[in-house]
Amino acid sequence: MTDTRAAGGEARAKFTRMDECTQEDWNIIIPALFEHSHTAVAENVLQQLNTLEGDHGGFAVDRLSHCLQTAHLAEQDGKDEEYIVCALLHDIGDVLAPLNHPEIAAAILKPYVKPENHWMVEHHGTVQGYYFWHFIGMDRNARDQLKDHEYYSHCEEFCAKYDMPAFDPDGVTPPLSYYEPLVRKMFGPGGINGATLPAE
Ligand SMILES: [Fe+2]
Ligand SMILES: [Fe+2]
């Protein structure tokens with residue numbers, strides 16, 4: 001007989017293959033999913049950001065410092081909390097998917113942020129490419145294909161003002177602990193903008 005209780009006593013679904021699942025199973029899973037989203041996601045995000053520490057990849061600052069400087073520049077310029085979290089996370093996928101890392105951050109942020117901020121994070125790689133792609137055999141003007149999009153200028157501003165200049169060993173670099181409350185606020189119940197997961 002399938003054990004439907006974990007060691008701690010919490011309920012577990014009974015099915016072993018999904019075509020045999022029942023409403024009773026999902027009545028157990030859905031609350032657990034929302035509990036997870038409200039408690040574990042922020043901590044996992046912070047843990048993943050920490051993996052960027054010490055990873056320079058040849059740059060003058062490590063990837064965590066770059067993210068912290070990007071967030072700091074946005075904060076100093078008066079951007080709101082949601083934007084600052086996007087700035088902080090924009091390169092979180094660098095050590096998982098270096099060649100398409102913007103998609104990692106964009107996917108994490110998508111349920112919690114406005115469409116223009118999601119688009120900004122998702123496309124920052126191509127827009128930022130203007131500053132260096134011609135040095136690595138790529139077309140620096142590839143971003144021109146995006147120029148007619150309604151959120152292009154939003155993304156271009158992010159790169160020009162915050163992402164592009166954030167490689168400075170002498171730049172202001174707050175500790176990650178400074179942004180921890182903001183990350184927990186974003187991914188906790190309600191999110192910064194009162195965002196909720198579907199069906200919640
Ligand atoms: Fe990036
Ligand atoms: Fe970046």
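Trainee: Which helices are included in what covers the buried residues of H5?

Mentor: The model is predicted, so that local features need pLDDT of at least 70 and side-chain atom pairs count only at pLDDT 80 or more, while totals for chains, interfaces and linings use all residues. Residues are numbered from 1 along each chain as its sequence is written, with chains lettered from A and ligands numbered from 1 in the order in which they are written. Helices (H or I, at least four residues) and strands (E, at least two) are DSSP runs numbered from the N terminus, a residue is buried if 20 or more other C-beta atoms lie within 10 Å of its own, exposed if 12 or fewer and partly exposed in between, with C-beta atoms placed from the backbone, and two residues are in contact if those atoms lie within 7 Å. On these terms, the cover over the buried residues of H5 includes helix H3 (81–89), helix H4 (101–109) and helix H6 (152–163).

Trainee: Where is the kink in H5 centred?

Mentor: The bend at a residue is the angle between axes fitted to the seven residues ending there and the seven starting there. In H5 the kink comes to about 45°, and the buried residues of this helix include Val-121, Glu-122 and His-123. The kink is centred on Glu-122.

Trainee: How far apart are the end C-alpha atoms of H5?

Mentor: The expected span of a helix is 1.5 Å times one less than its number of residues. For the 14 residues of H5 (residues 115–128) this gives 20 Å, and the model agrees, because the end C-alpha atoms are apart by 19 Å.

Trainee: How many of the 14 residues of H2 are buried?

Mentor: H2 covers residues 63–76, and its end C-alpha atoms are 20 Å apart, in agreement with the expected 20 Å. Just after this helix, Gly-78 takes a positive phi of about 90°. H2 itself is mostly covered, the number of its buried residues being 13.

Trainee: How many other C-beta atoms lie within 10 Å of Cys-67?

Mentor: Cys-67 lies in helix H2 and, leaving aside residues up to four places away in sequence, touches Leu-49, Leu-52, Leu-88, His-90 and Asp-91. Its C-alpha atom is also 6.8 Å from that of Leu-89, although the two are 22 residues apart in sequence. Cys-67 is buried, and the number of other C-beta atoms within 10 Å is 27.

Trainee: What percentage of the protein's 200 residues count as buried?

Mentor: The protein has 7 helices and 0 strands, and its C-alpha atoms fill a box of roughly 60 × 35 × 30 Å along the principal axes. Of its 200 residues, the share that count as buried is 29%.
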